[in-house]
Amino acid sequence: MQISNQRIGGLIFLLFSLFYGYFSYDIALFPGAEYEPFTPRTLPQFLALSGVICSVILVITGGADFRASIKHLVWQPVAKLLAAMFAYGLLVNWLGFVLATIIFLVVSFRIMGETKHKKAAAIAVIFTLVFWALLTQILDIYLEPGQLWHWFNG
Amino acid sequence: MLDGILAGLGTAVMPMNLMMVVVGCLVGTFIGMLPGLGPITAIALMIPLTYSLEPSSGLILMAGVYYGAIFGASSSSILINAPGCSATVVTAFDGNPLAKKGQAGKALAVAAYASFTGGTLGAIMLLIAAPALASVSLSFQSADYFALMVLGLSAVAAFSGKGQVLKAIMMTILGLMLATVGTDRSEGVERFTFGQLDLIDGFSFLLLAMATFALAETLMSVLKPENPNNSATEQKMMSELGSLKLTKEEVKSVAAPTLRSSFLGFFVGVLPGAGATIASFLAYGVERNLAKPEDKKQFGEGSLKGLAAPESANNAASTGSFVPLLTLGIPGSGTTAVLLGALIAYGIQPGPRMYIEHPDLFWSIIISMYFGNVILLILNLPLIPYLAKLLNIPRPYLIPMILLFSITGVYLVSFNSMDIMIMVAVCMAALGLRLLSFPMAPMLLGFILGGMLEDNLRRALLIGDGELSFLWERPLTLTFISIAALVLFSPLLRPIWERSKARAEYEQAKRKAATKI
C-alpha cells in the first residue's frame with residue numbers, strides 16, 4: 001500500500017475520530033439518561049463512528065494518483081506570517097491596537113519581501129491610523145489602548 | 001404579501017441601505033477580483049463591520065458583497081484567466097479568449113448583461129417561490145426538518161466534484177463534530193471543552209469562517225503563488241478594455257441562452273448543495289449541446305453564448321440559493337451558510353417564521369438583491385478598469401492588509417486576544433486540509449447546521465419514543481431521506497457501476513471476437 005495524500009488525510013481523520021469518540025464517553029450524563037432515546041452523547045458517538053468508517057474507506061481506496069506536489073510550495077513566508085499573527089494575538093492587549101497593528105504590518109510587509117523600510121513604515125502608520133479612525137470615529141467601536149498605555153499614564 | 005413587499009421596499013430605499021448596496025457591490029467586486037478569494041471570504045470579512053449596523057443594513061451590505069464578489073470573480077476570470085471563485089471557472093473558458101482577442105470590454109459587457117438578466121429573473125422567481133415555500137414549510141415537523149438537513153448536507157457532499165465526495169462527507173462530519181463542542185443545548189452539560197472556559201460557548205462561527213476561508217485562502221495564495229504580479233500584457237488588458245458596446249446581432253445571439261440559463265440556474269440554485277458552480281457548468285454544457293455545429297466550434301475560443309450562459313446561470317443560482325435559506329432556514333451552500341451565521345448573530349432565525357415576523361427584513365433583502373444587480377450594471381461595469389487598477393497594489397502590502405482585516409475582524413467582536421491564537425491554529429489545520437484537497441465549504445455547512453440538526457433529531461426521537469420509524473412514517477420525511485440516500489450513494493456507486501459496465505462491454509467484445517473466429 002503506497003502512502004498518498006489521500007491516505008495521509010484518511011489516517012489523520014481516523015485518529016481524530018477515534019480521539020473524538022474516546023472523549024465522547026467523558027460527556028456527563030444525568031442519572032437514568034441511559035434509558036433515554038437521545039442523550040448528549042448520542043450524536044457525538046454516531047459522528048465518531050461515521051468518521052471512522054469514512055476514514056477507513058479513504059485509507060483503503062485512496063490511490064497514489066492524487067499526490068500534489070509540495071516541492072513548489074513557498075512555506076517560509078507562510079510560517080512567518082502565521083507566527084506574526086500569533087504574536088499579534090499575544091501583544092495586542094499589552095501594546096494596544098494601534099501600536100500592535102503598526103508593528104504587525106511592518107513585520108508582515110518585510111516578510112512579504114518589501115525592502116524599503118521607510119516606505120513600509122509610512123504605509124503601516126497611515127493605514128493603521130485610517131483604520132483606527134474608521135473603527136473608533138465612524139463605526140463607534142471602543143478600542144482598549146493597552147496595558148503599556150496605562151503604565152505610562154499611571 | 002403586498003404589505004410586506006412595500007415595507008421591504010421602504011427599508012431597501014432608505015439612503016443608508018442604498019449606500020450599503022453600493023458599498024457592498026464595490027467592496028465585493030474588489031475582493032472577488034483577487035484571485036483565490038471568493039464570496040465566502042468577502043462576506044466573512046464584512047461580518048464584523050455589520051455588527052454595528054441595523055440587521056437590515058448589515059444583511060443588505062452582505063447581499064451586495066455577495067453579488068459584487070461574483071461579478072468581480074467573473075472580471076478576473078475574463079481579464080487574467082484567474083477565477084476568483086469556483087462559480088466563475090466556466091466564465092474563463094470563453095471570456096479569457098475574448099479578452100486575448102482585444103475584446104475584453106465586450107466580454108465584460110456580455111458578462112454584466114447576462115448576470116443582470118440572471119439576477120433579475122432570479123429575483124422575480126424568488127419573489128414567487130419564497131412565500132410559497134415559506135407557507136408550505138409552516139407544516140414541517142422536526143422529522144421533516146431533520147431529513148431536509150440531512151438532504152442538504154448529503155447534496156453538498158455529493159456535488160463537490162469527482163473524487164471529492166468521500167472527503168466532502170468527512171468534512172461535513174468534521175463540521176458536525178466541531179458543532180458539538182461547548183455546552184449541550186438541551187441538558188446544559190459540557191462537551192469536549194476539556195475544562196477550557198473559552199470553549200464553553202463552543203467555537204465562534206465567525207472565527208471558523210475567517211480562519212478556514214479568509215485567512216486560509218489568503219495564505220494559500222502565498223503558498224502557491226500562481227500569478228504573483230500581473231504581467232505587463234494583463235495590466236495593459238485591464239487598462240485598455242476596448243468597447244463595451246454590443247451589436248444587435250450579438251444581443252440577439254445571446255438572448256436565448258441567457259434566458260434559458262437563468263431559469264436553469266435558478267432551479268439548480270434552489271436545490272440544497274448544488275449552487276452556482278454546478279449551475280454554471282450545467283448551463284455551459286446545455287448551451288454547447290444546443291448550439292449549431294458552426295457555433296459549437298466557437299465554444300472555448302471566445303463564444304459569446306459560452307460566456308453568457310454560465311454568467312446568467314451563476315447569478316440566478318446565487319439568487320435561488322436564498323430560497324432555502326430564507327424560507328426554511330437551511331443554507332444550501334457555503335456562502336449562504338455564512339449569511340445564516342450572520343443572521344443568527346443578529347438574533348434572527350431565518351425560516352418560515354421570519355417571513356411572518358420580519359416581513360420588512362425578508363423583503364428588503366430580496367429587493368436589495370435586485371438593486372445590487374442594477375448597481376453592478378450601471379456602476380461597476382464602467383468602474384472595472386479603475387477597480388482592476390486596485391489589483392496592482394503590490395502583494396507585499398495587499399496580503400498583510402487582508403490578514404489584518406481577518407484577524408481584527410474576529411478580535412473586534414469578542415475583544416479576546418485568545419481568539420486570534422485559536423484562529424491561527426485553525427488556519428494551520430485548514431491549510432493542511434486544503435493541501436490534502438479536502439473541501440472546506442461542507443465543513444462550514446456541517447458546523448452551522450449541526451446544532452439545528454441535533455435539536456430536530458432529538459425532538460423527532462422523543463416524539464417517536466426512541467423509534468427510528470419517524471424516518472419513514474411521514475411521506476415528506478421519507479421523500480427527503482430517500483433523495484438524500486440517492487444523492488449520497490450515487491457518486492459512491494458510480495465507479496462500481498462504471499467498472500461493471502466496462503466489464504460487460506469487454507465480455508461482449510470478447511464474445512464477438514470468439515464468434516468471428
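Arg185(B) is exposed, with 57% relative accessible area, where exposed means over 50% of relative accessible area, buried under 20% and partly exposed in between, computed with a 1.4 Å probe on protein chains only. Arg185(B) forms a salt bridge with Asp455(B), and the closest N and O atoms of the two are 3.3 Å apart; a salt bridge here is a side-chain nitrogen of Lys or Arg within 4 Å of a carboxyl oxygen of Asp or Glu. The pair links distant parts of the chain, since Arg185(B) is in the loop between strand 1 (182-183) and strand 2 of chain B and Asp455(B) is in helix 21 of chain B, 270 residues apart. Helices (H or I, at least four residues) and strands (E, at least two) are DSSP runs numbered from the N terminus. Unlike its exposed partner, Asp455(B) counts as buried because its relative accessibility is 18%.

This is a predicted model, in which local features need pLDDT of at least 70 and side-chain atom pairs count only at pLDDT 80 or more, while totals for chains, interfaces and linings use all residues. Residues are numbered from 1 along each chain as its sequence is written, chains are lettered from A and ligands numbered from 1 in the order in which they are written, and side-chain values use heavy atoms, with hydrogens and water left out.

**Salt bridges**

Side chains of opposite charge can pair when their charged atoms come close. The structure holds 11 salt bridges over all chains, and the table lists some of them.

| Pair | N to O distance | Places in chain B |
|---|---|---|
| Lys106(B) and Glu250(B) | 2.8 Å | helix 6 (residues 104-137) and helix 11 (residues 248-270) |
| Arg185(B) and Asp455(B) | 3.3 Å | loop between strand 1 and strand 2, and helix 21 |
| Arg434(B) and Glu217(B) | 4.0 Å | helix 20 and helix 9 |

Lys106(B) and Glu250(B) are 144 residues apart along the chain, and both are buried. Arg434(B) and Glu217(B) are 217 residues apart, and these two are buried as well. Salt bridges that share partners join Asp184(B), Arg185(B), Arg191(B), Glu454(B), Asp455(B) and Arg458(B) into one network.

**The interface of chain B and chain A**

In chain B, 57 residues are in contact with 64 residues of chain A, contact meaning heavy atoms within 4.5 Å. The area buried between the two chains is about 5,600 Å², of which carbon and sulfur atoms give 84%; buried area is the accessible area (1.4 Å probe) that two parts lose on being put together, summed over both. The rule finds 0 salt bridges across this interface, but 6 residue pairs in polar contact, both residues being at pLDDT 80 or more. A polar contact is a pair of N or O atoms within 3.5 Å; within protein, one must be able to donate a hydrogen and the other to accept it, and residues adjacent in sequence count only if both atoms are side-chain atoms.

The elements that each supply at least two residues to the side of chain B that touches chain A are helix 8 (165-179), strand 2 (190-191), helix 9 (205-223), helix 19 (395-414), helix 20 (417-435) and helix 21 (441-463) of chain B. The largest share of that side, 13 residues, comes from helix 19 of chain B. Its residues divide into 41 nonpolar, 7 polar and 9 charged, where Ala, Val, Leu, Ile, Met, Phe, Trp, Tyr, Cys and Pro count as nonpolar, Asp, Glu, Lys and Arg as charged, and the others, Gly among them, as polar.

**Individual residues of chain B**

Leu206(B), placed in helix 9 of chain B, counts as buried because its relative accessibility is 5%. Not counting residues up to four places away in sequence, Leu206(B) touches Ala44(B), Ile47(B), Pro48(B), Tyr51(B), Gly409(B), Val410(B) and Val413(B). The C-alpha atoms of Leu206(B) and Val413(B) are separated by 9.1 Å, although the two residues are 207 residues apart along the chain.

Asn315(B) is found in helix 14 (residues 304-320) of chain B and, at 2% relative accessibility, counts as buried. Leaving aside neighbours within four places in sequence, its contacts include Tyr67(B), Ile70(B), Ser115(B) and Asn373(B).

Phe192(B), which is not a glycine, has a positive phi of about 55°; Phe192(B) is in the loop between strand 2 and helix 9 of chain B and is buried, with a relative accessible area of 10%. Ser437(B), likewise not a glycine, has a positive phi of about 65° and is found in the loop between helix 20 and helix 21 of chain B.
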